[in-house]
Amino acid sequence: MTTARTPGHGPLSGVRVVELAGVGPGPFAAMLLADLGADVVRVDRPGGPGLAIDPACDVTNRNKRSVVVDLKAPDGPEQVLGLAARADILVEGYRPGVAERLGVGPGPCHARNPRLVYGRMTGWGQEGPLARRAGHDIAYIAPTGTLGMIGRPDEPPAVPANLLGDYAGGSLYLVVGVLAALHHARATGTGQVVDAAIVDGTAHLSTMIHGMLAAGGWQDRRGANLLDGGCPYYGTYETADGRYMAVGALEPQFYAEFLALLGVEDRAAARKDVARWGELREEVAARFKSRTRDEWTAVFDGTDACVAPVLSLREAPHHPHLAARGTFTDHGGITQPAPAPRFSATPTSVRTGPARPGADTADVARDWDIPGLLPSSRNPQ
């Protein structure tokens with residue numbers, strides 16, 4: 001563990017992370033490490049990452065610091081290797097072989113710092129026929145079987161934004177991987193490479209479903225199962241005002257309470273009778289269409305019927321439960337999700353807004369004792 005001062009607060013305070021700037025799951029993984037208290041230094045490239053988002057609003061760069069390094073300049077790789085020599089974790093999201101060509105692959109980094117955990121975030125992984133192919137979230141989750149599970153049976157698979165692949169199957173697995181490898185490095189003094197592929201993580205998320213499939217409890221098609229919208233008491237329904245309610249009344253006692261509050265108690269026997277699911281769905285849909293979302297929210301409030309309103313992104317922070325927990329927070333005029341999970345002894349917070357490219361070079365050069373990062377050191381007068 002590094003002993004130099006770092007600005008973090010949380011369970012990872014004292015951990016140093018180098019993030020080679022990219023887009024999507026890599027930055028989100030680094031944000032999570034930063035939220036947990038790590039001192040994350042983002043190495044931005046000159047000109048930025050090329051996304052059409054104002055850096056001041058890119059909250060995936062919160063709680064980080066930024067330096068700008070041109071890896072194609074003669075002294076660029078050496079500056080990154082200087083950071084890697086003082087870091088616990090490095091995160092990069094290039095296509096396989098790119099970091100090596102730039103001179104900052106695992107070989108040179110581990111030569112400087114054998115304890116370094118080198119985290120690699122890609123869609124296809126470091127090996128395999130598609131490893132060097134371009135792609136985005138939707139293309140990665142499609143071959144894993146998970147995209148094909150989502151949506152109505154008579155419509156194309158529904159697109160789950162980029163949450164399932166980039167962030168659930170990608171970022172979260174990278175974070176688990178680098179923290180596990182960090183534990184090993186501290187116990188043995190030996191770092192390693194963590195190959196976090198979105199295809200691997202997304203497939204892993206479907207482990208329970210594969211077990212159900214093997215046991216005959218899951219049909220390999222959309223909209224025909226307990227948890228994929230095929231079940232009439234696990235799904236979403238439109239209300240009178242064009243909004244939606246979500247229903248998840250799986251257990252018998254919750255199902256009974258749901259039917260009673262909905263006003264269709266006579267449908268109790270349809271719970272296990274798949275042949276009657278169609279008519280049950282029609283009746284439930286008709287009932288929900290009879291009132292507005294807010295009216296149904298009031299009906300189910302404080303009950304165990306497992307029913308909740310479907311809120312928009314702007315509505316969510318105002319939900320009474322989420323507001324009471326502080327699930328969302330405001331920082332620098334931007335409403336955003338608060339760090340998660342929560343810790344009793346090492347609380348986390350949004351400490352700083354999005355890091356501006358290069359804005360922290362002097363501080364990082366001082367705190368990490370790397371004077372070569374400073375422009376005056378690289379270009380003496």
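How many bridges join strand E1 to strand E2, and in which sense do the two strands run? Strand E1 (residues 16-20) and strand E2 (residues 39-44) are joined by five bridges and run parallel. Within this pair, Leu20 of E1 has Val43 in E2 opposite. The model described here is predicted.

**Confidence**

The mean pLDDT of the protein is 94, and 95% of the residues reach 70 or more. Residues 1-6 have pLDDT below 50. In the model this stretch has 18 contacts beyond near neighbours in sequence. Where pLDDT is low, predicted coordinates should not be read in detail.

**The parallel sheet**

E1 and E2 belong to an open sheet of six strands, ordered E3-E2-E1-E4-E5-E6, with parallel pairing. Strand E3 (64-68) and strand E6 (192-197) are the edge strands, and each pairs on one side only. With direction ignored, neighbouring strands of this sheet are turned by 20° against each other on average.

Two helices that pack on this sheet can be described by the strands they touch. Helix H2 (residues 76-85) touches E1, E2, E3 and strand E4 (89-92). The direction of H2 makes about 150° with that of E1. Helix H7 (residues 198-205) touches strand E5 (117-122) and E6, and the direction of H7 makes about 65° with that of E6.

**The antiparallel sheet**

Another open sheet has three strands in the order E7-E8-E9, and its pairing is antiparallel. Strand E7 (234-238) and strand E9 (307-309) stand at the edges with a single partner strand each, so one side of each has no neighbour in the sheet. From one strand to the next, the twist averages 20°.

E7 and E8 pair over five bridges in the antiparallel sense. Gly235 stands opposite Val247 in E8, and Glu238 has Tyr244 in E8 as its bridge partner. The hairpin of E7 and E8 has five residues between the strands. In this hairpin, Gly242 takes a positive phi near 80°.

Strand E8 (residues 244-248) also pairs with E9, in the antiparallel sense, over three bridges. Val247 stands opposite Val307 in E9. Val247 of E8 thus appears in both pairings, opposite Gly235 and opposite Val307.

Helices H10 and H11 are placed against this sheet as follows. H11 packs on the sheet and touches E8 and E9, with a direction at about 30° to that of E8. Helix H10 (residues 277-288) lies across E7, E8 and E9 and runs at about 45° to E7.

The helix-to-strand angles given for the two sheets are collected here.

| Helix | Strands touched or crossed | Angle to reference strand |
|---|---|---|
| H2 | E1, E2, E3, E4 | about 150° to E1 |
| H7 | E5, E6 | about 65° to E6 |
| H10 | E7, E8, E9 | about 45° to E7 |
| H11 | E8, E9 | about 30° to E8 |

**Helix H9 with helix H11**

H11, which packs on the sheet through E8 and E9, also has a helix partner, H9. The axes of helix H9 (residues 252-262) and helix H11 (residues 293-300) come within 10 Å and cross at roughly 130°. That angle makes H9 oblique to H11. The crossing of H9 and H11 is right-handed. On the H9 side, Phe258, Leu261 and Leu262 meet Trp296, Val299 and Phe300 of H11. The residues of this contact are six nonpolar, no polar and no charged.

**Helix H1 with helix H6**

Helix H1 (residues 25-35) and helix H6 (residues 163-188) have axes 9 Å apart and pack at an angle of about 50°. H1 and H6 are therefore oblique to each other. Their crossing is right-handed. H1 contributes Pro25, Phe28, Ala29, Leu32 and Leu33 to the contact. From H6 come Asp166, Tyr167, Ser171, Leu172, Leu174, Val175, Val178 and Leu179. By class, the residues of the contact of H1 with H6 are eleven nonpolar, one polar and one charged.

How values were computed: Residues are numbered from 1 along each chain as its sequence is written. This is a predicted model: local features need pLDDT of at least 70, side-chain atom pairs count only at pLDDT 80 or more; totals for chains, interfaces and linings use all residues. Side-chain values use heavy atoms; hydrogens and water are left out. Axes are lines fitted to C-alpha atoms, for helices over the stretch in contact, and angles run from 0 to 180 degrees between N-to-C directions. Helices (H or I, at least four residues) and strands (E, at least two) are DSSP runs, numbered from the N terminus. Angles under 35 degrees count as roughly parallel, over 145 as roughly antiparallel, 65 to 115 as roughly perpendicular and the rest as oblique. A crossing is left-handed if the near helix is turned anticlockwise from the far one by less than a right angle, and right-handed if clockwise. Contact means heavy atoms within 4.5 Å. Ala, Val, Leu, Ile, Met, Phe, Trp, Tyr, Cys and Pro count as nonpolar, Asp, Glu, Lys and Arg as charged, and the others, Gly among them, as polar. Two strands pair if DSSP finds at least two bridges between them. pLDDT is the predictor's confidence in each residue, from 0 to 100.
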